[in-house]
Amino acid sequence: MFLHTRGGSGGYKRNFSDGAMNDYCQKMISGEYGTDRYNPYIHLMSLGLNAEDDKESSVLKTTVIMTDGTNNERFSYVDNYVKLIDQAHNSVYVIDFGKNYDSDMVKTLSLCGGRYIKVNDAAGALLAAHDVMNDTYLSYNGSSGDNGNPNNKASGSKYIFVDGKENPNGETNNERMDYIPYSTKYYNDKYAKEIQLGFFHTDRKVYGSAKVHDSYKDIFETFQDKTQRKKDYFMQDTIIYSAICAATIADYDAHDVFYSYYTGIGGDSQGIEKWGSRKIIPARKYFIDSKGLYNAYGINYTINIAEATKAVEDKINAGYNEAYIANSREYPLTGGEFSHCTFNNRLDIVVDGVSIALNLAAFGTFNAADAGNVIYYSYDKSTNKVTMKCKYYIIDYYDYEKYDYLREQDAAGVAKSFELFGVYEAEYTWTKGKNDIKVKKIDSNPADNGSDEDEKDNNNSNDDHYDDFDYFASDEYFKDLEEKTKSSSKKMIDNMMEDFEMYENKFDMNTLPDDRWEAFIDKFTSCVQEYGSVTKEMHYFRNKLNRAPATLDDLIAEKEKWELLSPVTSMYHMNNTDFSVEGEYNLKFISTNGHYEAVYNKDGILLTEYNDPDNMGTFNYVGPNSDALLHKKYDVDTYKNWGNVKGIAAIPKPDCVFALRRYYENADAKNHRMGVEMLLEGNPAGAYYVPSNYNYAGAYVVTGNFNFPVSYYLQDSDPKFPELNGGWVTNYKVSKGTVIVLDKHGYCTEGYDNDTKFNFMNFYFVPFIDVYLKKKN
């Protein structure tokens with residue numbers, strides 16, 4: 001690399017190594033080399049394979065021009081270089097230290113795909129130089145996925161589009177805020193790289209940390225000292241668990257992650273691979289709430305958010321005023337590390353010891369991890385304001401690869417490793433080209449205790465109303481919504497989804513009066529149609545909006561509100577599953593307004609995402625009877641892309657056609673439908689073909705352990721059940737052998753779990769009948 005100055009007192013040529021670039025930029029900008037602090041001349045740096053005296057542009061890789069924007073020649077050097085750079089397929093950066101943002105320069109650079117970076121101070125210059133170095137290194141030195149090909153610049157993109165826009169390498173991704181920004185290296189380490197193990201006197205090879213689990217289960221089951229070894233595991237793990245609880249005091253997540261590991265529970269959702277598992281916990285406390293020194297997570301969070309704002313402005317400068325972006329898999333963000341756990345010298349012991357002591361919860365939960373960032377941003381040109389909504393991740397894998405004693409349990413199948421992701425969501429606003437960022441916290445956190453320390457610019461006018469259920473979906477609510485979002489359809493959608501979930505955590509949404517519920521539905525669906533497309537987040541959100549009677553009998557009682565659909569239009573809901581053993585008996589109804597669907601199995605039980613996600617009825621943004629083409633666009637095509645629920649793909653059409661054939665070949669199934677049609681017409685003779693007056697009353701035995709999803713909100717902190725504080729949704733284990741007594745509507749009247757010591761009184765168990773609950777004789 002060499003430097004060439006145009007007319008300045010600091011202009012001379014000098015060779016540098018790649019690693020000297022950041023330091024040299026700072027010295028040059030600060031005047032250490034004899035230049036003014038903001039040199040009024042153009043500084044041309046050419047970074048490439050060329051020798052010191054070789055200035056042929058055809059061999060240059062990257063050209064960086066730094067200026068204060070005041071030279072009289074109006075960037076004539078840039079204009080000249082644009083032609084050469086464009087011909088040679090090089091990259092160009094202009095780093096501007098001037099007072100004003102130069103839109104003309106942006107247009108000039110756009111001719112060759114260049115990048116304009118506005119810098120306000122020396123600290124910003126360091127970040128700019130850091131960006132250039134990393135872009136150049138990744139683009140031209142290659143990554144694990146590009147085979148070192150210098151023409152593959154896509155691998156060097158820090159932030160890629162994740163909303164369907166095409167990226168430089170021609171690839172697209174449309175996951176939007178559901179995108180998980182784990183790195184290629186993370187995937188290789190956890191699911192692909194070769195690992196040599198040696199447990200129970202046997203050597204074995206597995207591929208990826210996730211494959212350690214159960215890899216020695218067959219040997220352990222026949223191991224001579226299996227019983228004693230299990231006792232040793234339990235005793236030692238209990239000691240470790242107690243120590244973690246004592247050291248981290250009230251940090252529930254620090255306790256829970258180890259508990260989930262050594263008890264074999266693992267994660268509570270699907271991992272990157274379907275057979276893997278993942279646990280997601282709130283991350284804020286590890287880099288914002290923590291008051292400890294040497295908190296690498298906090299330092300890196302600040303740097304990563306600063307880089308994200310620059311990436312957003314770069315996208316805006318390129319003409320994208322609204323987009324979803326995320327750091328690419330080839331460019332993981334730096335999360336943090338509290339200790340290598342090696343303590344090789346005294347300095348390590350002092351620094352790591354202090355760091356660990358002041359950040360015990362973070363050390364016990366993550367210790368070392370990557371970070372990732374998924375962003376939705378929008379730019380309002382009329383006000384020059386940028387809004388950036390971030391989903392910031394700490395990305396780790398919870399295992400014990402350096403501790404054979406604990407890893408042996410994973411291999412034996414006693415313990416279970418899992419993906420561990422910390423998530424923090426916040427919204428940032430600033431004036432484009434200025435460093436006036438304000439932040440609004442938007443995620444719930446049990447450790448938050450109501451602090452508004454970082455809520456400097458809270459744009460959500462509903463915050464004062466979240467305890468007022470009478471406000472939600474009222475006329476005042478919609479008036480405030482339109483004022484806050486300036487009637488932007490996408491902003492209204494995002495706000496309404498956020499508001500719904502906030503109120504859902506505090507109140508029973510089924511108690512919302514019908515007029516206000518329908519007002520919310522009408523507003524939300526009209527915004528979706530105005531926006532013109534359905535995102536993945538919006539697609540899954542519709543499951544919260546579907547309303548249907550709990551049983552077929554209940555629906556028949558209000559038959560004027562529903563229409564029974566034909567077998568052909570119901571075939572996607574007639575598949576054989578564990579809950580619909582004979583799917584050809586399933587009946588699909590649609591509400592008269594076209595929005596709600598209800599599907600019932602042979603026993604007249606409503607199918608939902610909890611008992612039968614393959615056959616469940618779903619909410620329609622556009623009813624099939626009102627506009628078939630729009631219904632296909634907003635409801636059918638999105639189902640084919642993403643299924644009904646996360647992790648479960650759509651049923652292939654051939655399977656549904658086969659289900660329809662089973663119906664036509666089953667006389668009893670056709671009689672069942674005929675009986676329901678008679679009842680809907682008011683003919684009581686239909687009851688002969690349909691089991692009616694279904695009564696759930698009785699005692700049921702739990703046939704296998706399962707998780708019951710529960711949403712709670714407690715006004716005050718509850719030390720006994722800390723996981724229920726702050727509106728968190730959690731899963732409660734229901735143990736095999738527990739006796740659950742239900743009333744005729746399916747609500748629990750008696751149900752004490754002797755293993756978990758939890759009483760399930762008033763829990764609604766109908767979705768689990770015949771899946772995990774068997775009625776006692």
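In this predicted model, Lys185 and Asp189 are joined by a salt bridge whose closest N and O atoms are 2.8 Å apart, and because the two residues stand four places apart in helix α5, about one helical turn separates them. The two partners differ in their surroundings, since Lys185 counts as exposed at 59% relative accessibility, whereas Asp189, at 17%, counts as buried. Salt bridges with shared partners extend this pair into one network made up of Lys185, Asp189 and Lys193.

Across the structure the count of salt bridges comes to 21. One of them links Lys646 to Asp178, with the closest N and O atoms 3.6 Å apart; Lys646 sits in the loop between α20 (628-642) and α21 (653-664), and Asp178 in the loop between β6 (159-161) and α5 (184-191), so this pair ties together parts that are 468 residues apart in sequence. Here Lys646 is exposed, with 57% relative accessibility, while Asp178 is buried, with 15%. A further salt bridge brings the side chains of Lys226 and Glu221 to 2.7 Å, N to O, and Glu221 counts as partly exposed at 42% relative accessibility.

These pairs belong to a protein chain of 777 residues, of which 51% are buried, and the chain holds 22 helices and 27 strands. When contacts between residues at least 6 apart in sequence are considered, 65% of them join residues at least 24 apart. The accessible surface of the chain is about 36,400 Å², and carbon and sulfur atoms account for 49% of that area.

The interior can be approached through helix α10, which covers residues 296-317 and, with 22 residues, reaches 32 Å from its first C-alpha to its last, close to the 32 Å expected at 1.5 Å a residue. Because 18 of its 22 residues are buried, α10 is largely enclosed by the rest of the structure. Just after this helix, Gly319 adopts a positive phi of about 105°.

In soluble globular proteins, nonpolar side chains tend to be buried together. The largest nonpolar core in this model has 46 residues, and those with the most contacts inside it are Val312, Ile375, Met388 and Tyr428. To this core α10 gives the most, with seven residues. Leaving aside residues up to four places away in sequence, Tyr428 touches a set of residues that includes Tyr301, Ile305, Val386, Met388 and Ile437. Apart from the core around Tyr428 lies another, of 43 residues, among them Ala473, Tyr503, Leu545 and Val622.

Several loop residues complete the picture. Asn367, in the loop between α12 (360-365) and β13 (368-380), counts as buried at 14% relative accessibility, and its C-alpha atom is separated by 9.6 Å from that of Tyr297, a residue 70 places away along the chain. Lys486, found in the loop between α14 (475-485) and α15 (489-504), is exposed at 58% relative accessibility, and its phi is near 55°, a positive value in a residue other than glycine. Asp770 likewise has a positive phi, near 70°, and is placed in the loop between β26 (758-759) and β27 (773-775).

On the surface, Met674, Tyr688 and Tyr689 form a nonpolar patch with about 340 Å² of accessible area together. Of these residues, Tyr688 lies in the loop between α22 (667-680) and β20 (698-702), and with a relative accessible area of 70% Tyr688 is exposed.

Conventions. Residues numbered from 1 in each chain as written. Predicted model: local features only at pLDDT ≥ 70, side-chain atom pairs only at ≥ 80, totals over all residues. Heavy atoms only, no water. Expected span 1.5 Å × (residues − 1). Buried < 20%, exposed > 50% of the residue type's maximum accessible area, 1.4 Å probe, protein only. Patch = residues over 30% accessible without salt bridge, like charges linked within 9 Å, V, L, I, M, F, W, Y side chains within 5 Å. Areas by Shrake-Rupley, 256 points an atom, 1.4 Å probe, with all protein chains shown as cover. Salt bridge = Lys/Arg side-chain N within 4 Å of Asp/Glu carboxyl O. Core = buried A, V, L, I, M, F, W, Y, C linked by side-chain atoms within 4.5 Å. Contact = heavy atoms within 4.5 Å.
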